[in-house]
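Q: Could you take me through how to read a strand order, a helix packed on a sheet, and a set of cysteines?

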Amino acid sequence: KNCHQRTVRKPETLNCRSVMVTGASRGLGLQIVGSLAKSCHCPGKVIATAREPSRAKELRCLVEKYPNIHIVTLDVVNQESIANAAKEVEALVGEEGLSCLINNAGINVVANLEKVTAEQMMQNFETNSVAPLMITKTFLPLLKKAAARSTGMGIHRAAVINMTSLLGSVELNWGANANNFKWYPYRTSKAALNMVTRCLAVDLEADGILCTAIHPGWVRTDMGGAEAPLSTEESISSVLSVIGNLSEKDHGGFLRYTAETLPW
């Protein structure tokens with residue numbers, strides 16, 4: 001079978017028992033799964049979710065090569081699908097719980113003031129803002145199980161990573177950056193996701209579950225476009241390095257893939 005491996009700059013390591021990645025059939029999600037699978041110290045279980053696994057050819061190629069990758073069907077905007085996925089993941093992780101949830105699935109609905117519709121706003125908001133919250137809420141019992149096995153705060157215990165965007169920064173939406181990206185649905189949905197991350201951080205701090213929003217950079221994917229400066233390998237190599245080094249100081253934070261703090 002034609003299952004070509006992508007090359008990465010360096011091995012990626014996450015010191016945790018299990019990782020679940022939403023939107024893993026392509027783009028950044030697929031790269032996260034591939035980079036972890038090929039690392040020297042891969043988590044025991046890498047759970048890759050996709051809305052239609054039968055169509056995720058590259059992901060299925062990875063599963064054939066790496067037995068610790070598990071594909072779970074998940075439509076992130078369907079509550080029944082979320083509940084079913086949680087049961088399947090619970091069967092995989094058992095009493096160890098889920099160490100790390102990476103809410104990566106997202107869409108980009110591009111519309112300026114002249115063209116934007118209410119339907120476009122709701123579509124982007126549902127996938128990029130509401131879905132990560134509902135998924136985290138549903139998987140919370142599994143995250144709490146993992147958190148109960150350790151102390152401190154970080155990827156070694158339990159974490160929720162929301163893949164956000166610099167374009168969700170209210171402060172940075174000014175000047176040239178604002179003029180170049182007049183994307184009402186996408187920008188507002190990512191700003192909302194940033195607030196979801198902070199709200200989760202407040203609520204889950206007592207459980208020791210780290211919550212952080214990370215901007216992966218402008219990446220050459222179907223969503224990012226061919227003119228983007230970063231490859232998926234470059235972005236995810238840096239993102240996984242940041243995730244692996246998160247600690248209490250990053251709880252509730254908004255970080256760039258370079259580990260710099262971004263303004264809200």
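A: The turns that follow concern a predicted model.

Q: In what order do the strands of the open sheet lie, and which strands stand at the edges?

A: Strands of a sheet pair through backbone hydrogen bonds, and the pairing is either parallel or antiparallel. Here seven strands form an open sheet with parallel pairing, in the order β3-β2-β1-β4-β5-β6-β7. Because β3 (69–73) and β7 (254–256) each have a single partner strand, one side of each is left without a neighbour in the sheet. On average, neighbouring strands are turned by 20° against each other, direction ignored.

Q: How many bridges join β1 to β2, and which helices pack there?

A: Strand β1 (residues 18–21) runs parallel to β2 and is joined to it by four bridges, with Ser18 standing opposite Lys45 in β2. Helix α3 (residues 79–93) touches β1, β2 and β3, and its direction makes about 155° with that of β3. Helix α1 lies across β1, β2, β3, β4 (100–103) and β5 (159–163), running at about 160° to β1.

Q: Is Ser39, in the loop after α1, buried or exposed?

A: Ser39, which lies in the loop between α1 (27–37) and β2 (45–50), counts as buried because its relative accessibility is 8%, under the 20% cut-off. A polar atom of the Ser39 side chain lies 2.8 Å from the backbone oxygen of Leu36.

Q: How many disulfides does the structure hold, and why is Cys100 not in one?

A: A disulfide requires two cysteine sulfur atoms within 2.5 Å, and the structure holds zero. The sulfur of Cys100 is 5.6 Å from the closest cysteine sulfur, that of Cys16, which is too far for a bond; Cys100 counts as buried, at 0% relative accessibility.

Definitions and conventions: Residues numbered from 1 in each chain as written. Predicted model: local features only at pLDDT ≥ 70, side-chain atom pairs only at ≥ 80, totals over all residues. Heavy atoms only, no water. Helix = DSSP H or I, 4+ residues; strand = E, 2+ residues; numbered from the N terminus. Buried < 20%, exposed > 50% of the residue type's maximum accessible area, 1.4 Å probe, protein only. Polar contact = N/O pair within 3.5 Å; in protein donor to acceptor, adjacent residues only side chain to side chain. Pairing = 2+ DSSP bridges. Axes fitted to C-alpha atoms, helices over the stretch in contact; angles between N-to-C directions. Contact = heavy atoms within 4.5 Å.
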